[in-house]
Amino acid sequence: MLKTSQEFCAEYLSERDRNDFQNCEGELVGSCHFMRRLNRSAVALVSFPGSGNTWVRGLLEKATGICTGAYYCDRTLRKGGFNGEHIVSAAVLVVKTHNDHYNWMKKIKRFNSAILLVRNPREAFVSDWNRKFGVEKNGNHSNSNR
C-alpha cells in the first residue's frame, strides 16, 4: 500500500526539501517518516562508494523509523523504499554522500557533523565495480540509475 506524503510527515520539510522530494520521482513505499528539525543540523553519512552506505541507511531506518536522506536522487533506491532520496536537511536522520571532488566543498558547507563509514579499500573497490559493471544472478546488469 502506498503512503501519502502526509503520512511521511512531509510537512516537516522545508520548501526547498519539499521541491527536491517531489522532483525525485518514484513511488513512496517505505515505512519511515521525516522528523521535525528543531535546533539540529544535517548529519552527513560519508563513505567511498561500495563501503556499505546504503546498507547502513537501511539499518538506521529499520531501527529508528526515521527516513535517511541522500545528496542524490537514485530512483531505484526511492522505489526500493528509501523515501528520503534527494533530501539534504535535518528532517532526515543522516544524509548519504560520497566524496565527489568536483562538488565536495559545496556539499560540506551543508553539514556541521558527519559519520565516516570506512570499509577495507579492496572490498569497497570490488563492491563498487560490481555495482557499476557486474552481472546479477539473474543475468541482468546491476548498474543503478543515478
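On helix 2, the face turned away from the buried side carries Trp55, Lys62 and Ala63, which are exposed. The model behind this picture is a predicted one. Turn to the other face, and Asn53, Val56, Arg57 and Glu61 are the buried residues of helix 2. These four sit on the same side of the helix, because they cover an arc of only 135 degrees around its axis.

What does that buried side pack against? Strand 1 (43-46), strand 2 (69-70) and strand 3 (95-97) are partners of the buried residues of helix 2, and helix 3 (75-79) joins them.

The length of helix 2 works out too. It takes in residues 53-64, and at 1.5 Å a residue those 12 residues should span 16 Å; the end C-alpha atoms are 16 Å apart, so the model agrees with expectation. Right after helix 2 comes Gly65, with a positive phi near 80 degrees.

Zooming out, the protein has 5 helices and 4 strands. Read from the N terminus, they are laid out as α-β-α-β-α-β-α-β-α. Among the contacts with a separation of 6 or more, 70% come from residues 24 or more positions apart. As for burial, 42% of the protein's 146 residues count as buried. The exposed area comes to about 8,800 Å², with carbon and sulfur atoms supplying 54% of it.

Notes. Residues numbered from 1 in each chain as written. Predicted model: local features only at pLDDT ≥ 70, side-chain atom pairs only at ≥ 80, totals over all residues. Heavy atoms only, no water. Helix = DSSP H or I, 4+ residues; strand = E, 2+ residues; numbered from the N terminus. Buried < 20%, exposed > 50% of the residue type's maximum accessible area, 1.4 Å probe, protein only. Contact = heavy atoms within 4.5 Å. Areas by Shrake-Rupley, 256 points an atom, 1.4 Å probe, with all protein chains shown as cover. Expected span 1.5 Å × (residues − 1). Arc of directions from axis to C-beta.
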